[in-house]
Amino acid sequence: MHAQTVRPTNRQRLAPTALLLALLAAVAAVREAAGPELMVLVDANQNNYAKGYAYWSLDTSLWMARALQDLGVYFLEEPRPRIDVDGLAQIAASVGMYVAG
């Protein structure tokens with residue numbers, strides 16, 4: 001999968017699409033440069049509040065987790081606030097990589 005071709009569905013509420021695509025492009029570049037043998041770990045940093053920051057909805061978190069998995073990411077940290085145990089469990093159940101809150 002190439003990050004430039006990723007498109008969310010209309011029913012998903014997403015952070016600004018350009019930002020998401022840029023994040024995926026950065027991960028794709030790391031994967032390409034590092035090769036398949038290196039474990040890529042991503043920290044989404046969705047736990048700590050910062051005014052003006054575009055936090056991911058659960059739909060966005062699920063979409064990004066699936067897109068990151070397609071890029072061969074081994075571990076995704078904080079795709080949701082750690083108090084959203086149900087959301088973290090839903091994300092973890094929907095992908096085949098490690099997810100931490």
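This briefing walks through a predicted model, topic by topic. The protein has a mean pLDDT of 84, and 84% of its residues reach 70 or more. Its largest nonpolar core has 20 residues. Helices α1 and α3 each have a buried side, listed below.

**Confidence**

- Residues 1–12 have pLDDT under 50 throughout.
- The model gives this stretch 20 contacts beyond four places in sequence.
- Where pLDDT is low, predicted coordinates should not be read in detail.

**Helix α1**

- Helix α1 covers residues 17–34, which makes 18 residues.
- From first C-alpha to last, α1 reaches 26 Å, close to the 26 Å expected at 1.5 Å a residue.
- The buried residues here are Leu20, Leu21, Leu24, Val27, Ala28 and Arg31.
- These buried residues sit on the same side of α1, because they cover an arc of only 125° around the axis.
- An α-helix has 3.6 residues a turn, so residues three or four places apart point the same way.
- Ala18 and Ala33 are exposed on the other side of α1.
- The cover over the buried residues of α1 includes strand β1 (40–43), helix α2 (58–70) and strand β2 (73–77).
- Gly35 comes just after α1 and takes a positive phi of about 85°.

**The largest nonpolar core**

- Leu24, Val27, Val42, Leu68, Val73, Leu76 and Met97 touch the most other members of this 20-residue core.
- Two or more residues come from each of α1, β1, α2 and β2.
- Helix α2 gives the most, with six residues.
- Leu68 touches Leu24, Val27, Val42, Val73, Leu76 and Met97, leaving aside residues up to four places away in sequence.

**The loop between β1 and α2**

- Asn45 lies in this loop.
- Phi of Asn45 is near 55°, a positive value in a residue other than glycine.
- Asn45 is partly exposed, at 38% relative accessible area.
- Gln46 belongs to the loop between β1 and α2 too.
- Gln46 is buried, with a relative accessible area of 2%.
- A polar atom of the Gln46 side chain lies 2.9 Å from the backbone oxygen of Ala44.
- Gln46 also touches Tyr53, Tyr55, Trp56, Glu78, Pro79, Arg80 and Pro81, not counting residues up to four places away in sequence.

**The loop between β2 and α3**

- Glu78 is found in the loop between β2 and α3.
- Phi of Glu78 is near 55°, a positive value in a residue other than glycine.
- Glu78 counts as buried, because its relative accessibility is 7% and the cut-off for buried is under 20%.
- Glu78 is one of the residues that Gln46 touches, which links this loop to the one between β1 and α2.

**Helix α3**

- Helix α3 spans residues 85–94.
- Gly87, Leu88 and Ile91 are its buried residues.
- Seen down the axis of α3, they fall within an arc of 100°, so they line one face of the helix.
- Val85, Asp86 and Ala93 are exposed on the face of α3 turned away from that buried side.
- The cover over the buried residues of α3 includes helix α2 and strand β3 (98–100).
- Helix α2 thus appears in the cover of α1 and in that of α3.

Terms used
Residues numbered from 1 in each chain as written. Predicted model: local features only at pLDDT ≥ 70, side-chain atom pairs only at ≥ 80, totals over all residues. Heavy atoms only, no water. Helix = DSSP H or I, 4+ residues; strand = E, 2+ residues; numbered from the N terminus. Expected span 1.5 Å × (residues − 1). Buried < 20%, exposed > 50% of the residue type's maximum accessible area, 1.4 Å probe, protein only. Arc of directions from axis to C-beta. Contact = heavy atoms within 4.5 Å. pLDDT = per-residue confidence, 0-100. Polar contact = N/O pair within 3.5 Å; in protein donor to acceptor, adjacent residues only side chain to side chain. Core = buried A, V, L, I, M, F, W, Y, C linked by side-chain atoms within 4.5 Å.
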